[in-house]
Amino acid sequence: GKLYTGAGHNDYNVHENRYRHMKLTSKGRYAVTAMLDLAFHSRSGPVTLSQISERQGISLSYLEQLFTRLRKSGLVRSTRGPGGGYSLERQPGDVAVAEIISAVDEVVDTTRCSGSHNCQGGNRCLTHELWDELSRQIYGFLSDITLSDLMDDENIQLVAHRQDKMDGESAPSVAPPSAGKS
């Protein structure tokens with residue numbers, strides 16, 4: 001008996017082994033942040049990791065590790081030489097947050113046993129199914145959100161615009177959200 005029987009629940013079975021073995025850590029969060037920065041800024045050409053590092057406060061060496069994995073997963077492409085950097089391999093609307101997290105070897109798992117069913121003396125604990133289902137729900141939630149969805153969020157646009165101004169870009173890449181919406 002599964003706790004959740006809503007539409008689309010069987011879709012998670014395809015990804016079942018993908019999300020079970022690790023917890024979502026800062027690696028996944030930083031990868032999503034860096035990819036969102038890239039989505040906002042690569043419209044006018046490749047973006048360097050040092051630009052992302054400055055805007056997002058993520059160390060350059062850490063970004064290099066993340067982008068190696070993102071490139072191997074086909075989410076970004078690199079351009080060498082002057083004016084080089086990284087660009088999205090696909091449109092922002094075609095990149096789900098869950099895919100970014102998976103690309104950097106992160107998976108969403110809220111169970112104590114990392115999905116091994118041995119939480120209590122080699123057996124499942126009393127609440128294993130609850131936490132396992134929460135992991136599925138989180139994965140489903142993150143699978144339904146794309147970079148484009150995040151880019152369309154007004155609060156995220158405000159943060160990106162502020163970061164551009166702090167970064168000293170003469171013409172910020174991210175326009176402030178239009179005021180006066182009712």
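These notebook entries record what I looked up in one structure, beginning with the whole chain and ending with single residues.

**Entry 1. The chain as a whole**

I noted at the outset that the model is predicted. I looked up the secondary structure and found 9 helices and 2 strands in the protein chain. I then read the elements in sequence order, and the pattern is α-α-α-α-α-β-β-α-α-α-α.

I next asked what share of the residues is buried. The chain has 182 residues, and 41% of them count as buried. I also looked up how contacts are spread along the sequence. Taking contacts between residues at least 6 apart, I found that 68% join residues at least 24 apart.

**Entry 2. Helices α3 and α5**

I turned to α3, which covers residues 26-41, and α5, which covers residues 60-72. Their axes come within 10 Å and cross at roughly 80 degrees. Angles of 65 to 115 degrees count as roughly perpendicular, and α3 and α5 are therefore roughly perpendicular to each other.

Which residues make this contact? On the α3 side I listed S26, K27, Y30, A31, A34, M35 and L38. On the α5 side I listed Y62, L63, L66, F67, R69 and L70. Sorted by class, the residues of this contact are 10 nonpolar, 1 polar and 2 charged.

**Entry 3. The largest pocket**

I looked up the largest pocket and found about 160 Å³ of space in it. Its lining consists of T33, L36, D37, F40, H41, Q56, I156, V159, A160 and Q163.

I asked which helix supplies the largest share of this lining. That helix is α3, with 5 residues. Both α3 and α9 (154-166) supply at least two lining residues each. By class, I recorded 5 nonpolar, 4 polar and 1 charged residues in the lining.

**Entry 4. Helix α4**

I moved on to α4, residues 49-56, where L49, I52, S53 and R55 are buried. What do these buried residues pack against? I found α3, α5, β2 (85-88) and α9 as their partners. I also checked the backbone just after α4, where G57 takes a positive phi of about 65 degrees.

**Entry 5. L49, a buried residue of α4**

I chose L49 for a separate look; its place is in helix α4. The relative accessible area of L49 is 9%. Buried means under 20%, so L49 is buried.

Setting aside residues up to four places away in sequence, I found that L49 touches L60, L63, E64, F67 and Y86. I looked up the spacing of one of these pairs: L49 and L60 are 11 residues apart in sequence, and their C-alpha atoms are 6.5 Å apart in space.

**Entry 6. D167, after α9**

I last looked up D167, which is found in the segment after α9. Is D167 buried or partly exposed? Its relative accessible area is 24%. Values between 20% and 50% count as partly exposed, so D167 is partly exposed.

I then searched for the contacts of D167, leaving aside its neighbours within four places in sequence, and found E54 and R55. D167 and E54 are 113 residues apart along the chain, yet their C-alpha atoms are separated by 7.2 Å. I noted that R55 is also among the buried residues of α4.

Note on methods
Residues are numbered from 1 along each chain as its sequence is written. This is a predicted model: local features need pLDDT of at least 70, side-chain atom pairs count only at pLDDT 80 or more; totals for chains, interfaces and linings use all residues. Side-chain values use heavy atoms; hydrogens and water are left out. Axes are lines fitted to C-alpha atoms, for helices over the stretch in contact, and angles run from 0 to 180 degrees between N-to-C directions. Helices (H or I, at least four residues) and strands (E, at least two) are DSSP runs, numbered from the N terminus. Angles under 35 degrees count as roughly parallel, over 145 as roughly antiparallel, 65 to 115 as roughly perpendicular and the rest as oblique. Contact means heavy atoms within 4.5 Å. Ala, Val, Leu, Ile, Met, Phe, Trp, Tyr, Cys and Pro count as nonpolar, Asp, Glu, Lys and Arg as charged, and the others, Gly among them, as polar. On a 1 Å grid over the protein atoms alone, a cavity is a set of points where a 1.4 Å probe fits but cannot get out, and a pocket is an open set with protein on both sides within 12 Å along at least five of seven lines; lining residues have an atom within 4 Å of a point. Grid points are joined across faces, edges and corners, and a volume is the space filled by probe spheres set on the points. Buried means under 20% relative accessible area, exposed over 50%, partly exposed in between (1.4 Å probe, protein chains only).
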